[in-house]
Amino acid sequence: MKDTEDIIETDLEEENPEQEANSDDIESDSSLSDEIVEEQVEEKADIREIIKSFQPLDYFDYVNLHIHSKYSDGKADFEDIIRQAKEMGYHKIAICDHNTVEGHKHFKDDVLIPAVEFDCWCGYVFLHLLAYGIDVDNPVLDEFYAKTKKETEADIVRIFAKRDIKKLINAIHEAGGIAVLAHPACCWAFNLDKFVGKLVSYGLDGIEVYYPYRRHRAVIRFATLRQIKDIAAKYDLIVTGGTDCHTRNITAY
Ligand SMILES: [Zn+2]
Ligand SMILES: [Zn+2]
């Protein structure tokens, strides 16, 4: 069930800051002789445009870009999440299991965006990095996925993630995807603005803005929705949203 306070808090009434398409992303680079690379660039533009087309009010009734399945620590079967989304008329969903794309290797659907949520560190700050629109069979990204089931579900195991953030973002791009900072108000960064700036210098493409801030408040909450929106606008980041649903019913979280 939706929580009214969450809806107010996520400020869905406000307009999404206008996101201009970055011509650099679409422009073809003459050095790209390889057709496969060109295809990946096209896919990357697609996922950017798809996500940019979502409005704040689309979240969370028609679009939910942050759902977990049983392939990590969620309670719902992967295929059942797809079924529910279609039945309820969602335009797009993204199932982002922790450090694994196993579900996406087994199930594909028009409503589904291939995605994953990585655990990693940037200096002393632990963060969750979402990747959207990736080719789940890409060998470069393959080395960053969980090696054991525990790495997909146990917090205590996941916090020891040794992924190099710069290499990870590069690998996500290699796989045709975009890298998005998940639930940023949870980051233990002394200065979140500077921290996001650092990630942007490493190639960060987007930031999760519309999500239930209250749900994470029990853990930690260092920034408000307004601050996150300002940071997104300052660095011209793609704005995303999702409930971080771990429940059986995708309208709950
Ligand atoms: Zn997360
Ligand atoms: Zn999550």
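Colleague: In which order do the 7 strands of the open sheet stand?

Modeller: Strands of a sheet pair through backbone hydrogen bonds, either parallel or antiparallel. In this predicted model, the order is β1-β2-β3-β4-β5-β6-β7, and the pairing is mixed.

Colleague: Which are the edge strands?

Modeller: The edges are β1, residues 63-67, and β7, residues 238-241; each of these pairs on one side only. As to twist, neighbouring strands of the sheet are turned against each other by 35 degrees on average, direction ignored.

Colleague: Let us begin at the β1 edge. How many bridges join β1 to β2?

Modeller: There are 3 bridges between β1 and β2 (residues 92-95), and the two strands run parallel. Within this pair, V63 is found opposite K92 of β2.

Colleague: What kind of β-α-β unit do β1, helix α4 and β2 make?

Modeller: The unit is right-handed, with α4 spanning residues 78-87.

Colleague: In which sense do β2 and β3 pair?

Modeller: Strand β3, residues 112-122, pairs with β2 in the parallel sense, again over 3 bridges. Here A94 has I113 in β3 as its bridge partner.

Colleague: At the other edge, how many bridges join β6 to β7?

Modeller: Strand β6, residues 206-210, is joined to β7 by 4 bridges, and these strands run parallel. To locate the register, one may start from E208, which stands opposite T240 in β7.

Colleague: Which helix lies across β6 and β7, and at about what angle does it run to β6?

Modeller: That is α12, formed by residues 225-234; it runs at about 150 degrees to β6.

Technical notes: Residues numbered from 1 in each chain as written. Chains lettered and ligands numbered in written order. Predicted model: local features only at pLDDT ≥ 70, side-chain atom pairs only at ≥ 80, totals over all residues. Pairing = 2+ DSSP bridges. Axes fitted to C-alpha atoms, helices over the stretch in contact; angles between N-to-C directions. Contact = placed C-beta atoms within 7 Å. Right-handed = clockwise from strand over helix to strand, strands pointing away.
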